[in-house]
Amino acid sequence: MAEQNCLVTNDWICGEYLRSRSQELTDATVQHIGITVVSVLIGLAVAFPLALLARRGRRFAGPVLGLTTVLYTVPSLAMFSLLLPVFGLSAALVVTGLVLYSLTILVRNILAGLEAVPEEARDAARGMGYGPGRLLWEVELPLALPAVMAGLRIATVSTVALTTVGSLVGKGGLGNLIEDALPSFFKAQVLAASVLCVLLAMAADLLLLGLQRLLTPWTRIPGTSRTAGTAGSRRTDPDGPGGPAGLPAPAKVEAG
């Protein structure tokens, strides 16, 4: 009887709420995931060329890093207000804001990963006839993957949290449920939506961690980060235990 009346008594934990509002929770979760995935993918696509531009020298690095940092400091309400005349009250408004917020993390980590590639790896690749494009895609980027994936994990978890702010325009996924519950302080709805947000962030982080380990198997080989620098530069077989194309394996980078 107590369980049936938990909606009336406004309990924090209410099984009846989960049963009666399951479709509402599912729809909000799907919207939350969709906005997060689209925002992170677009952010990554924008951040990569910006990082390449910043790597060309200080005259480019300063403006690029400065601009992305300034964008990250803009309050979400102000950001959405500035974007509102362009996108209106749509999901594109929220996605664009989230993309801009993700740039400061993604650009810095991509740039840090590329700059951490050992110079002997580049020299070895050039000695084997690699041009700039092939050097980037087949040597530098694979060796920079641990840092890139670490940044991607941080940006994704941050985006999962920031997506809730989209409730200001009715496109916040689980944030919509939290905002709707606050005026009446509907405890079960606030708790359920908040817990789902945390679970989404944890699931996304674990998924990306697994993907990182799958894409960078050489980082799991004991001692390769220290010893592959000399031995790897003499290998030319692409399947050796060092980094890509038999080049020195990078130091392991983990997200904080």
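A salt bridge is taken here as a side-chain nitrogen of Lys or Arg within 4 Å of a carboxyl oxygen of Asp or Glu. One such pair joins Asp205 and Arg153, whose closest N and O atoms are 2.9 Å apart. The two residues belong to distant parts of the chain, with Asp205 in helix α10 (residues 187–215) and Arg153 in helix α8, 52 residues apart. Helices (H or I, at least four residues) and strands (E, at least two) are DSSP runs, numbered from the N terminus.

The structure is a predicted model, in which local features need pLDDT of at least 70 and side-chain atom pairs count only at pLDDT 80 or more, while totals for chains, interfaces and linings use all residues. Residues are numbered from 1 along each chain as its sequence is written, and side-chain values use heavy atoms, with hydrogens and water left out.

It helps to begin with the overall build. The secondary structure consists of eleven helices and zero strands, giving the pattern α-α-α-α-α-α-α-α-α-α-α along the sequence. Of the 256 residues of the chain, 45% are buried, where buried means under 20% relative accessible area, exposed over 50% and partly exposed in between (1.4 Å probe, protein chains only). Contacts (heavy atoms within 4.5 Å) reach well along the sequence: among those between residues at least 6 apart, 70% join residues at least 24 apart.

The salt bridges can then be taken in turn. By the rule given at the start, they number nine. In the pair that opened this section, Asp205 is partly exposed, with a relative accessibility of 21%, whereas Arg153 is buried at 8%. A second bridge is formed by Arg122 and Glu140, with the closest N and O atoms 2.5 Å apart. Because Arg122 lies in helix α7 and Glu140 in helix α8, this pair ties together parts that are 18 residues apart in sequence. Arg122 counts as buried at 10% relative accessibility, and Glu140 is likewise buried, at 3%.

The surroundings of Arg122 fill in this picture. Helix α7, which holds Arg122, covers residues 119–127. Leaving aside residues up to four places away in sequence, Arg122 touches Arg55, Leu114, Glu115, Val117, Leu135 and Glu140. A further salt bridge pairs Arg126 with Glu119, the closest N and O atoms being 3.5 Å apart. Here Arg126 is partly exposed, with a relative accessible area of 42%, and Glu119 is partly exposed as well, at 43%. These residues come together in a network of salt bridges that links Arg55, Glu119, Arg122, Asp123, Arg126 and Glu140.

Helix packing is considered next. Helix α3 (residues 22–54) and α8 pack at an angle of about 140 degrees, and their axes are 11 Å apart. Axes are lines fitted to C-alpha atoms, for helices over the stretch in contact, and angles run from 0 to 180 degrees between N-to-C directions. The two helices are therefore oblique to each other, given that angles under 35 degrees count as roughly parallel, over 145 as roughly antiparallel, 65 to 115 as roughly perpendicular and the rest as oblique. The crossing of α3 past α8 is right-handed, that is, the near helix is turned clockwise from the far one by less than a right angle, an anticlockwise turn being left-handed.

On the α3 side, the contact is made by His32, Thr36, Ser39, Val40, Leu44, Phe48 and Leu52, and on the α8 side by Leu136, Trp137, Leu141, Leu152, Thr156, Thr159 and Val160. The residues of this contact comprise nine nonpolar, five polar and no charged. In this division, Ala, Val, Leu, Ile, Met, Phe, Trp, Tyr, Cys and Pro count as nonpolar, Asp, Glu, Lys and Arg as charged, and the others, Gly among them, as polar.

Two further positions round out the description. Pro49 is also placed in helix α3 and is partly exposed, with a relative accessible area of 44%. From Pro49 to Ile110 the C-alpha to C-alpha distance is 9.8 Å, across 61 residues of sequence. Val169, in turn, sits in the loop between α8 (132–162) and α9 (174–181), where Val169 is buried with a relative accessible area of 16%. Its contacts, not counting residues up to four places away in sequence, are with Leu89, Leu93 and Val94. The C-alpha atoms of Val169 and Val94 are 8.1 Å apart, although 75 residues separate the two along the chain.
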